[in-house]
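I opened the model to look up one side chain, then the cores, and then the ring pairs. My notes follow in the order in which I checked things.

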Amino acid sequence: MKRFALIGLSLLIASPATAQDDWDLGRDPERKLTIAAVTYDNFGVAVRCMDDVMSVVVSGLPPGRGIRSIRHRIGDQPEATGRWVSAGEGAVAFSVWPASTAAYLSGGGRWVLEVPDGDRLRRISVDLPASTSAIGAVFTACGRTLSPTSQDDEPSQDSFAGLRWSSMPTPEYPDRTNAGGGLAALTCTVGARGNLRACRIESEFPDGAGFGRAAVAAAHRRGRVEPVDPGTTRTMEGLTVAYTARFNLIDDFREPLPPIATRLPLRTD
């Protein structure tokens, strides 16, 4: 088994390999890192848990920046359209909703991606081995369970299911990061009065920059939702919302921007 898995993304990009029989699994307790990965010539994919936050990283893509929409299909699974994020004009992309993506990939099969490349689509196709054990170990490290229903259980996009913001949380920009921007994807449980609690960081980019914690703090302090239909008698308590929060620097000031626009309707009054 290759040792690149403990090193991380730098070798994921640089190490060409032939098709593997299974995903490599590596652990680095000092970095709180568990990673499952597979590489091919000029292409690689890794599922990892680091500091209790999951990520799915793909290298060898056409260059792109910011939020990227990528259509992909594996084996007999239905086609999915995933949201990914890249820095600069990078050939590496991180899944915005990695738990759902990882569960989707765990069954293995021919993985076909259609990635925007300028004014055309580039098709990438590789055969991924099934990997419930290696990817399952990453889920376990992040306090999750990989099961046949995990893909449906985990969010794959922003979701508010009949709710809307009554108070949209605007997170503060983390002081301890030098990153010029970032994002965090959260899932939160809704309280009886529409408050958000038990928010979990589904992903953050860049890793370890503090955007996830900042988004969670704002959600717990200021996030409130309400039914789209004011006359509904359905209780909100226990419902789950999933959304992304984006951070950008404006000029030289660390002024936060509100979350990325979603399909969640805003209150108009």
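Where is the place of Glu114? I find Glu114 in strand 8, which spans 109-117; helices (H or I, at least four residues) and strands (E, at least two) are DSSP runs, numbered from the N terminus.

Before going on I note that this is a predicted model, in which local features need pLDDT of at least 70 and side-chain atom pairs count only at pLDDT 80 or more, while totals for chains, interfaces and linings use all residues. Residues are numbered from 1 along each chain as its sequence is written, and side-chain values use heavy atoms, with hydrogens and water left out.

**Entry 1, Glu114.** I asked why Glu114 counts as buried: its relative accessibility is 16%, and buried means under 20% relative accessible area, exposed over 50% and partly exposed in between (1.4 Å probe, protein chains only). I then looked for its polar contacts (a pair of N or O atoms within 3.5 Å; within protein, one must be able to donate a hydrogen and the other to accept it, and residues adjacent in sequence count only if both atoms are side-chain atoms). The side chain of Glu114 makes one of 2.4 Å with the side chain of Arg71, and another of 2.8 Å with that of Arg123.

**Entry 2, cores.** I next looked up the largest nonpolar core, a core being a set of buried Ala, Val, Leu, Ile, Met, Phe, Trp, Tyr and Cys residues joined through side-chain atoms within 4.5 Å. It holds 32 residues, and among those that touch the most other members are Trp23, Phe43 and Leu61. Helix 3 gives this core its largest share, five residues. Leaving out residues up to four places away in sequence, I list Phe43, Arg68, Ile70, Ala91, Ala93, Val115 and Ile124 as touching Leu61, where contact means heavy atoms within 4.5 Å. A second, separate core has 26 residues, including Phe160 and Cys199.

**Entry 3, ring pairs.** My search of the whole structure gave eight aromatic pairs; rings of Phe, Tyr and Trp (its six-membered ring) pair if their centres lie within 6.5 Å, and planes under 30 degrees apart count as stacked, over 60 as edge-to-face and the rest as tilted. Phe160 and Tyr243 form a tilted pair, 6.1 Å centre to centre with 35° between the planes. Phe160 lies in the loop between helix 5 and strand 10 and Tyr243 in strand 14, so this pair ties together parts that are 83 residues apart in sequence. I also noted an edge-to-face pair of Tyr173 and Phe247, at 6.2 Å and 85°, and both of these residues are buried.
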